[in-house]
Amino acid sequence: NDKDTRAQVILGADDKHLKFRSCVGVKIVSDTKIEISLGTRVHCNNLFGKFYMLVIDYVHRNYITPTMLRRAVEFAVLQEKLEVK
């Protein structure tokens, strides 16, 4: 059943410069494989928001997001190992 193998959480924040929403998805593919995804949408409210996104976009996509996902997965795996023992 697909409902038993997938979960999604939507996170977000708004300020005067931008609004963002991120969706974290987890799908259990098999007993040994889990897929984790992250999608983000940003709406810039003004020129400062556009400038801010221009400056951080590359670093966010290529460093921050992959690092956050990797650390979250490592933490989850560690917790699972600790619970099994």
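Asp 14 and Arg 21 join their side chains in a salt bridge, with 2.8 Å from N to O. That makes a handy way into this structure, which is a predicted model.

**Salt bridges**

How many salt bridges does a search of the whole structure find? The search gives two. Besides the pair of Asp 14 and Arg 21, there is a salt bridge between Asp 57 and Arg 61, whose closest N and O atoms are 2.9 Å apart. Asp 57 and Arg 61 both belong to helix H1, and they sit four residues apart, about one turn of the helix.

How open to the surroundings are these partners? Asp 14 has a relative accessible area of 48%, so it is partly exposed. Arg 21 is also placed in the partly exposed class, because its relative accessibility is 38%. In the helical pair, Asp 57 is partly exposed at 29% relative accessibility, while Arg 61 reaches 57% and is therefore exposed. The cut-off that matters for Arg 61 is 50%, since exposed means over that value.

**Two pockets**

Next come the pockets. The table sets the two side by side.

| Pocket | Volume | Share from H1 | Lining by class |
|---|---|---|---|
| Largest | about 550 Å³ | ten residues | twelve nonpolar, five polar, three charged |
| Second largest | about 290 Å³ | seven residues | nine nonpolar, no polar, two charged |

Which residues lie nearest the centre of the largest pocket? They are Phe 20, Ser 22, Thr 40, His 60 and Thr 65, out of a lining of 20 residues. Strands E2 and E3 and helix H1 each bring at least two residues to that lining, and H1 has the largest share of it.

The second largest pocket is lined by Val 24, Val 26, Ile 34, Ile 36, Leu 69, Ala 72, Val 73, Ala 76, Val 77, Glu 80 and Lys 81. Here the elements that give two or more residues are E2, E3 and H1. Helix H1 again gives the most. If you are thinking about chemical character, note that this lining has no polar residues, with nine nonpolar and two charged ones.

**A nonpolar patch on the surface**

What makes up the nonpolar surface patch of about 450 Å²? Its members are Val 26, Ile 28, Ile 34, Ile 36, Val 73 and Val 77. Strand E2 (18–30), strand E3 (33–44) and helix H1 (47–84) are the elements that give two or more residues to this patch. Several names here will look familiar from the second pocket: Val 26, Ile 34, Ile 36, Val 73 and Val 77 are among the residues of its lining.

**Val 73 and Gln 8**

Val 73 is worth a closer look. This valine sits in helix H1, and it takes part both in the nonpolar patch and in the lining of the second largest pocket. Why is Val 73 called partly exposed? Its relative accessibility is 31%, and the partly exposed class runs between the limits of 20% and 50%, so the value falls inside it.

Gln 8 offers a point of reference on another element, strand E1, which covers residues 6–14. With a relative accessibility of 64%, Gln 8 counts as exposed. How far apart are Gln 8 and Val 73 in sequence and in space? They are separated by 65 residues along the sequence and by 15 Å from C-alpha to C-alpha.

Terms used. Residues are numbered from 1 along each chain as its sequence is written. This is a predicted model: local features need pLDDT of at least 70, side-chain atom pairs count only at pLDDT 80 or more; totals for chains, interfaces and linings use all residues. Side-chain values use heavy atoms; hydrogens and water are left out. Patches are made of residues with over 30% relative accessible area and no salt bridge: like charges are joined within 9 Å, nonpolar side chains (Val, Leu, Ile, Met, Phe, Trp, Tyr) within 5 Å. Accessible areas come from the Shrake-Rupley method with a 1.4 Å probe; for residues, only the protein chains shown count as cover. A salt bridge is a side-chain nitrogen of Lys or Arg within 4 Å of a carboxyl oxygen of Asp or Glu. Buried means under 20% relative accessible area, exposed over 50%, partly exposed in between (1.4 Å probe, protein chains only). On a 1 Å grid over the protein atoms alone, a cavity is a set of points where a 1.4 Å probe fits but cannot get out, and a pocket is an open set with protein on both sides within 12 Å along at least five of seven lines; lining residues have an atom within 4 Å of a point. Grid points are joined across faces, edges and corners, and a volume is the space filled by probe spheres set on the points. Ala, Val, Leu, Ile, Met, Phe, Trp, Tyr, Cys and Pro count as nonpolar, Asp, Glu, Lys and Arg as charged, and the others, Gly among them, as polar.
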